Amino acid sequence: MRFLGMVLVAWCLGLTACGSEFDEPTAACAQSCAGCCSGDKCFDGTGIEACGAGGAICDRCEGLEDCADRGEAGRSCYFDRSERWRIQPVSAVIAPINPIGDEEWDIDGSAPDVVVELECPAGDKDIKTRTPEGSGYTPTWTEGGCTTTRGDLADRSIYIEVFDVDVTIDDVMFSERYLLKAEDFRSGTFSIALPEQEKGVVRFTLTRSP
Ligand SMILES: [Ca+2]
Ligand SMILES: [Ca+2]
């Protein structure tokens with residue numbers, strides 16, 4: 001059945017007029033429902049699963065769309081490319097031993113000095129940001145994130161580098177691109193696993209910015 005479902009989804013994606021899972025509103029629902037309708041069923045219409053207002057047929061929001069109240073245009077699934085979002089590294093868990101070389105992070109045996117650098121897409125260039133040094137094996141940060149538009153973040157990945165600052169050559173823990181997913185925006189958070197570090201992770205918040 002799963003295979004059949006995938007085939008149907010693939011088939012539907014290829015057609016612009018693929019049938020909605022919702023039925024045309026009945027006259028009774030259209031007149032009495034403040035949210036959205038499917039047949040004679042009235043939904044409150046504020047969620048991405050069933051979005052709409054004024055007794056219109058419900059819509060399921062896809063991808064990065066929100067169920068958004070758009071004033072006179074009513075409530076509908078909408079993806080606002082110009083909306084500004086902030087990506088902030090907030091915390092990490094670092095392994096006690098550097099997996100590269102299997103030794104302590106710093107020669108004097110002290111904890112790593114962890115910095116997260118981001119390159120966030122902004123138009124045809126990137127914004128580069130850098131957190132302060134977070135010390136210890138569970139560093140936290142409140143500064144050094146980037147803010148850019150949702151459209152840029154939908155089109156292009158961010159580059160993330162995590163490292164222990166050293167006098168000569170930094171110990172790099174992570175350097176990869178990451179493309180934000182719809183669920184990252186919905187949950188307002190995402191994390192990356194640090195390779196070779198058991199339980200090693202860096203967590204980020206993803207918030208709308210005024
Ligand atoms: Ca080091
Ligand atoms: Ca260091």
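Donors are N, O and S atoms within 3.2 Å of the metal when that metal is Ca. The model described here is predicted. In this model, the calcium ion (ligand 2) has donors from Asp106, Asp113, Asp164, Val165 and Asp166. Asp106 is listed twice, each time through OD. Asp164 is also listed twice through OD. Asp113 and Asp166 each contribute OD, whereas Val165 contributes O. The coordination distances run from 2.4 to 3.1 Å. Along the chain, the donors follow the spacing D-x6-D-x50-D-V-D.

A second calcium ion, ligand 1, lies 3.8 Å from the calcium ion (ligand 2). Asp106 coordinates both ions. Distant parts of the chain are linked here, with Asp106 and Asp166 standing 60 residues apart. Asp106 belongs to the loop between strand 6 (84–93) and strand 7 (113–122). Asp166 belongs to the loop between strand 11 (158–164) and strand 12 (171–178).

The chain is divided into two domains. Domain 1 spans 16–78, and domain 2 spans 84–208. Their C-alpha centres are 39 Å apart. At the interface, five residues of domain 1 are in contact with seven residues of domain 2. The two domains bury about 510 Å² between them. Carbon and sulfur atoms account for 47% of this area.

Polar and charged pairs also join the domains. Five residue pairs are in polar contact between domain 1 and domain 2. Two salt bridges are counted between the domains. Arg208 forms a salt bridge with Asp66, and their closest N and O atoms are 2.8 Å apart. On the side of domain 1 that touches domain 2, two residues are nonpolar, one is polar and two are charged.

Across the whole structure, nine salt bridges are found. One salt bridge brings together the side chains of Arg81 and Asp155, with an N to O distance of 2.6 Å. This pair links distant parts of the chain, as Arg81 and Asp155 are 74 residues apart. Arg81 sits in the loop between strand 5 (75–78) and strand 6. Asp155 sits in helix 3 (residues 150–155).

How values were computed
Residues numbered from 1 in each chain as written. Chains lettered and ligands numbered in written order. Predicted model: local features only at pLDDT ≥ 70, side-chain atom pairs only at ≥ 80, totals over all residues. Heavy atoms only, no water. Domains from an automatic or database assignment. Contact = heavy atoms within 4.5 Å. Buried area = accessible area lost by both parts, 1.4 Å probe. Salt bridge = Lys/Arg side-chain N within 4 Å of Asp/Glu carboxyl O. Polar contact = N/O pair within 3.5 Å; in protein donor to acceptor, adjacent residues only side chain to side chain. Nonpolar A, V, L, I, M, F, W, Y, C, P; charged D, E, K, R; others polar. Donors = N, O, S within 2.8 Å, 3.2 Å for Na, K, Ca; no water. Helix = DSSP H or I, 4+ residues; strand = E, 2+ residues; numbered from the N terminus.
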